[in-house]
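Dear colleague,

I am handing over the structure we spoke about, and I would be grateful if you could look through it with the notes below beside you.

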Amino acid sequence: MKSMLKGGFAVAIATLTTLSVYSQTPAMNYPETKKVDQVDTYFGTQVSDPYRWLENDTAQEVKEWVEKQNEVTENYLAKIPFRSEIYASIKSVINYEKYSSPVKLGIFYLFNKNDGLQNQSVTYIQKGLEGTEDEFINPNKMSTDGTAAVSILGFSKDKQFIAYGVNESGSDWQRIEVMSLENRTKTSDNLKWVKFSGASWAGEGFYYSRYPEQEDAEQMSKKNEYHQIYYHRMFTEQEEDQLVFQDKQFPLRYYGTQVTEDERYLFIYVSEGTYGTQILYKDLRDPAAEFKTLVKGFSNNFSIVDSRGSKILLLTDLGAANNHLVSVDLDKFNPEKSFKSQMKEVVKENKSLLESVSSAGGKLFLNYLQDVANHVYQYTFEGVLENEILMPAPGTVSGFSGFMDDNEVFYTFTSFTYPPTIYRYDIATKKSFIFRQSKVAFNPEDYTTDQVFYTSKDGTKIPMFLTYKKGMVKDGSNPTLLYGYGGFNVNLTPSFSASRIVFLANGGIFAMANIRGGGEYGDAWHKAGMLEKKQNVFNDFIAAAEYLNKNKYSSPSKLACMGGSNGGLLIGAVINQRPDLFKVAFPQVGVMDMLRFQKFTVGWGWVVEYGSSDKEADFKNLYKYSPLHNITDKSYPATMVSTADHDDRVVPAHSFKYIATLQEHQKGPLPTLIRVDVKAGHGAGKPLTKVMSEYADIYSFLFYNMGITPTFNAK
């Protein structure tokens, strides 16, 4: 039955009666996918949703459908004659020691290391820079299949304890455990029902974020309401934890915490989605103190950098689209007045995006993004420039954080052909030294990276990086992989991928377009690709493909496109609008149903970015580009959709409904497949064996559908 119109938007009530069964296209023998009579009405527009039943991913019939789809995909991939050789090549080149930048905790240094082919990196500890590396936390021992992953959440101020989160099978849900640095043993502390949390230490414990206790796994997959802040005292049971903050008036808000290094102030970050921040604060010296409002509303982003007594430093885009550093004095702050009227500018906005600010050793480190390459500067707390920390090439830099008493910091530099290199920076002498350098079995001198600027539909200049083997001839015959994201203020910056080497070594061009919707050029760049302006994102990506083809880097028969999450939405929309530009497409863990995304797990948090089908103007905009709802009978590129059964961020239902619809409407001879990872999630923490298998399948599918037989003697 059709849904009834109530209050203007659709109320989806329907019986799932079988209408018909879809069999297969002439080219591929796809699994049968039933269709149901499900029609919703949005502001007078009727929208069919025949694959609604696939939203229930725990149902037995859906599991059976997934198994059959995976079988079809595996049978197709197994027939590619060079698939195993590509996997072996990726495995060979990815087998090198990988390190993270160390964190200095008193006399100890903590860092992650992967020996080469371990599913998860292991956290090591060593005493002094010359000490022995000792295993500290090994997630590979927490599961038999490498699907348990660990993330460091916080350190005690006496530098004796470390809190870390454990995620299993790719889920965003985690438990918090604690290790003693001195004894190198796990404590009795074990906290559940945790999601989107840090560990902000104060006194004998820490503040963390969690949800109310869930009854079972199915409820955990659906209930993400009433986020709360608790305080956990070390060596006590979770039942004894103190509820510090909750707001039952707003069940869908997120709450995060931060405690100043001197443990004087507790801050609570409040968000209603992926953009905009409120901040509350409390003076921890007064046990009876109430929370006060530091920042109201959700119109701007704020992050607290550091403090000196009552003076707080913040990074914000309030009054500065490219961000600036400001301060407020909480002893003089009046919550009844606007934050803007009381803030003082410490470092002014400039033409480049101030991407992040960190502190260590009494200094500030400002990381700017200039034409999508990082530039780092050392400042005093008063905003006086002291030094530019020069990088070896245009690329991406991370690190530079520490404690007030540190005399050194570490940072990591990487680029497309520059494997991650860790540097030690002496704060007093302002000099950098190579600390650890990756040893990858390839020669970076054989490759080059160019940055070009092309023109989008409305005349906007868009930057794009092109990485390829030296000597490449622009004759349109080069296999090219165009990657994009374009949303949520996320910056795509140069990074190294060992698995990409097999593609580049076989004449491939990797192209990364920095399209609007990201934050590469500040808040204006982001807003130009969100809400009603989302089509700009697709136009920018289409213009990138046109540039590559027009300038003979590639051609429609040799061009592939790829994107994940919001980037999966990008690929789905673009191949609907311009399938003629691409031979191969990889929509990964994508947001494909733009009319119902807000109804799944944490999808409601993306309404600030996309809008909501519950509002008429938003519905009209979303309906125009929604990947699921704009598939028509036409010839599509060879498409391999990817998702995972434990993805509780962008639920697999998006990809299930999308591929069922695409298989129904594909009129060309090329395959439209789905690859569903088991015991995996949205991407973070995926075991290395699964990562290698996924990319072996991606490059096999790409080469095979482009009619290219790769060789494997190139490094």
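What follows is an account of the salt bridges, the aromatic pairs and one patch on the surface.

Please keep in mind from the start that this is a predicted model.

**Salt bridges**

The structure holds 40 salt bridges, and three of them are described here one by one. In one of these, Asp49 is joined to Lys657, with the closest N and O atoms 3.1 Å apart. This pair links distant parts of the chain, for Asp49 sits in the loop between β6 (45-48) and α1 (60-78), whereas Lys657 belongs to helix α11 (residues 653-665), and the two are 608 residues apart. Both Asp49 and Lys657 are buried.

In another, the side chains of Asp540 and Arg516 meet at 2.8 Å, taken from N to O. Asp540 lies in helix α7 (residues 535-550) and Arg516 in the loop between β39 (509-513) and α6 (523-527), so this salt bridge ties together parts that are 24 residues apart in sequence. Since buried means under 20% relative accessible area, Asp540 counts as buried because its relative accessibility is 0%, and Arg516 counts as buried with a value of 5%.

A further salt bridge is formed by Glu694 and Lys686, whose closest N and O atoms are 3.0 Å apart. Here Glu694 is buried, with a relative accessible area of 9%, and Lys686 is buried as well, with a relative accessible area of 17%.

Salt bridges that share partners also build a network, which joins Asp40, Asp49, Arg52, Glu55, Asp593, Arg596 and Lys657. Asp49 and Lys657, the buried pair described above, are thus among the members of this network.

**Aromatic pairs**

How many aromatic pairs are there in the structure? The count comes to 48 aromatic pairs, and two of them may serve as a way into this part of the model. The rings of Phe416 and Phe465 have centres that lie 5.3 Å apart and planes at 55°, so this pair is tilted; the reasoning is that planes under 30 degrees apart count as stacked, those over 60 as edge-to-face, and the rest as tilted. The pair links distant parts of the chain, with Phe416 in the loop between β33 (408-415) and β34 (418-426) and Phe465 in strand β37 (residues 461-469), 49 residues apart. Phe416 counts as buried at 3% relative accessibility, and Phe465 is buried with a relative accessible area of 6%.

The rings of Phe442 and Tyr447 likewise form a tilted pair, because their planes stand at 40°, and the ring centres are 5.8 Å apart. Phe442 counts as buried at 10% relative accessibility, while Tyr447 is buried with a relative accessible area of 4%. Apart from these pairs, you will find one aromatic cluster that is formed by Phe365, Phe400, Tyr411, Tyr423 and Tyr425.

**A patch on the surface**

Which residues form a negative surface patch? The patch is made up of Glu213, Glu237, Glu239 and Glu240. One of these, Glu239, is found in the loop between β18 (228-233) and β19 (242-245). Is Glu239 buried or exposed? Glu239 is exposed, because its relative accessible area is 70% and exposed means over 50%.

With best wishes

Technical notes:
Residues numbered from 1 in each chain as written. Predicted model: local features only at pLDDT ≥ 70, side-chain atom pairs only at ≥ 80, totals over all residues. Heavy atoms only, no water. Patch = residues over 30% accessible without salt bridge, like charges linked within 9 Å, V, L, I, M, F, W, Y side chains within 5 Å. Areas by Shrake-Rupley, 256 points an atom, 1.4 Å probe, with all protein chains shown as cover. Salt bridge = Lys/Arg side-chain N within 4 Å of Asp/Glu carboxyl O. Lys, Arg positive; Asp, Glu negative; His and termini not counted. Charge placed at Lys NZ, Arg CZ, Asp CG, Glu CD. Helix = DSSP H or I, 4+ residues; strand = E, 2+ residues; numbered from the N terminus. Buried < 20%, exposed > 50% of the residue type's maximum accessible area, 1.4 Å probe, protein only. Phe/Tyr/Trp six-rings, centres within 6.5 Å; stacked < 30°, edge-to-face > 60°.
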